[in-house]
Amino acid sequence: MVIRRPALRAIAAAVLLLLTACSRGPADHEPKPSAHPVFSKPLGTQPYAALQQTQNAGSAGFTQKVTFTSKQGDAVQTTVGSLNFAGKRGAGKRDWTLPKTLPARVKDALLGRATEEGRRDSSAVIAVDPQTVHYRSASAKYWLRYAVNCDHVEGLDSIAKLRGTEAALSGTLLETVTTAKATAQRSTPGGGRSYRTEFGLDAAWGLLFPADLREELAPVWKVDPTRAPAVMTLTVDSKGRITRAEADLSALLRKDKEKESALATVTSIRAELALAAHGSAKPAMPTSSDMVLDAGKAVMADEDTKLGDCIDFNTGARTNALVVWVTCSGPHDARVFAQTPLGDGSYPGRAAAEHRALDACEEAFDRAPTRWTDEAVPRNHYWSSWPLEAEWKASAEPVATCYVASRA
């Protein structure tokens with residue numbers, strides 16, 4: 001049989017096709033590696049990509065320390081908790097460790113203004129979800145439940161600020177990563193990376209510190225632009241998730257002479273954040289068995305209390321102008337025995353206002369029912385609160401609220 005040349009060419013092509021199909025190399029059947037969600041990005045944007053990768057993990061446990069160094073030693077705020085990015089929930093326990101020699105004015109700036117007797121907790125538990133902010137003082141058996149829109153109530157801005165932007169619970173260095181730009185990087189064991197970043201102080205100023213403490217810091221618009229930028233070291237794991245952040249926030253300390261800051265003796269502010277348990281952390285939220293008080297009903301201005309009312313002082317609002325109304329049958333910080341007018345004249349100054357309030361309460365103590373004043377611990381001891389300048393000017397008739405301490 002004679003095979004024509006075109007037919008030979010067709011047979012050869014079929015054989016070649018069959019051989020090619022049976023002898024593909026690795027590059028022909030293995031998928032191409034996908035781009036890394038963080039490391040494939042331009043260097044400057046990798047910190048923000050790492051923040052997104054951390055949030056995409058769903059959750060993380062965290063520990064953060066903010067250290068205020070002064071001549072008296074280190075005042076350290078430590079927060080330990082968990083963040084659920086997907087569910088917009090976060091919870092943590094916040095503790096302060098303070099040097100014994102720290103002046104009262106510095107303590108007031110860091111912890112919030114206390115009553116005359118210094119009744120405030122240096123420890124509290126906070127839980128945030130999309131609808132509420134829950135706060136529980138270390139000395140309280142109950143949670144205070146604040147509505148999500150509590151920032152419209154005077155004095156509660158510090159409660160509203162507990163809600164973060166990059167995580168449900170505010171106050172962590174995650175809030176600064178959004179504006180952080182990487183300027184250098186190095187590899188770390190396990191395939192991760194460490195970045196030197198520079199970031200905007202506005203995020204740290206507005207989201208890491210409560211409003212009253214910010215008044216003792218330099219306003220971000222007055223920070224010297226010629227100074228070196230704020231620097232943060234950011235460490236991520238092989239998947240690009242943030243595991244550690246360290247930042248020097250000392251640039252926020254006041255350097256001008258326009259106002260004498262309560263933090264004048266503080267020489268540096270540093271923050272350290274550690275993240276772990278990515279994807280498996282669960283915030284400890286209040287349970288159905290916990291006692292929860294509606295802050296909208298229980299928290300009130302001290303001048304709105306009534307004679308004989310029993311109160312606690314730790315509202316989480318960082319001011320002694322607000323108190324928690326509690327039943328007198330249970331433990332309570334104090335009992336109100338008088339509300340005394342201070343006159344409707346102009347504000348006399350802090351020292352004179354304090355003097356006037358103490359004198360008014362001294363007179364009222366002798367007239368008060370003994371069933372209230374007998375609770376005083378120690379016996380026959382009392383104190384008062386009075387309006388500050390802004391509150392004095394805003395009130396038609398400023399009053400001093402007089403208490404006896406009911407707990408040692």
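This tour moves through the structure stop by stop, naming what to select and what is found there. The structure is a predicted model, in which local features need pLDDT of at least 70 and side-chain atom pairs count only at pLDDT 80 or more, while totals for chains, interfaces and linings use all residues. Residues are numbered from 1 along each chain as its sequence is written, and side-chain values use heavy atoms, with hydrogens and water left out.

**Stop 1: strand β18**

Select residues 399-405, which form strand β18. Helices (H or I, at least four residues) and strands (E, at least two) are DSSP runs, numbered from the N terminus. Seven of the seven residues of β18 are buried; buried means under 20% relative accessible area, exposed over 50%, and partly exposed in between, with a 1.4 Å probe and protein chains only. In a regular strand the side chains alternate between the two faces of the sheet. On one side of β18 lie Val-399, Thr-401, Tyr-403 and Ala-405, on the other Ala-400, Cys-402 and Val-404, and all are buried.

Next, add strand β16 (residues 334-341), which pairs with β18 in the antiparallel sense over seven bridges. Two strands pair if DSSP finds at least two bridges between them. Within β16 and β18, look for Gln-339, which stands opposite Thr-401. Strand β17 also runs antiparallel to β18, joined to it by three bridges. Here Trp-383 stands opposite Tyr-403.

**Stop 2: aromatic pairs**

How many aromatic pairs does the structure hold? There are nine. Rings of Phe, Tyr and Trp (its six-membered ring) pair if their centres lie within 6.5 Å; planes under 30 degrees apart count as stacked, over 60 as edge-to-face and the rest as tilted.

Keep Tyr-403 selected and add Phe-313: the ring centres are 5.2 Å apart and the planes stand at 85°, so this pair is edge-to-face. Phe-313 lies in the loop between β14 and β15, 90 residues from Tyr-403. Phe-313 is buried, with a relative accessible area of 6%, and Tyr-403 is buried at 1%.

Now select Phe-365 and Tyr-382, a stacked pair with 4.9 Å centre to centre and 25° between the planes. Phe-365 belongs to helix α10 (residues 350-367) and Tyr-382 to the loop between α11 and β17, so the pair ties together parts 17 residues apart in sequence. Phe-365 is buried, with a relative accessible area of 11%.

Elsewhere, ring pairs link Phe-68, Trp-96 and Phe-209 into a cluster.

**Stop 3: disulfides**

A disulfide is a covalent bond between the sulfur atoms of two cysteines. With a disulfide taken as a pair of cysteine sulfur atoms within 2.5 Å, a search of the whole structure finds two.

Return to β18 and select Cys-402 with Cys-361, whose sulfur atoms are 1.9 Å apart. The torsion about this S-S bond is -85°, and the link is left-handed. Cys-361 lies in helix α10 and Cys-402 in β18, so the disulfide ties together parts 41 residues apart in sequence. Both Cys-361 and Cys-402 are buried.

Then select Cys-310 and Cys-328, joined with an S to S distance of 2.0 Å. The torsion here is about 110°, so the disulfide is right-handed. Cys-310 sits in strand β14 and Cys-328 in the loop between β15 and β16. Cys-310 is buried, with a relative accessible area of 0%, whereas Cys-328 is partly exposed at 32%.
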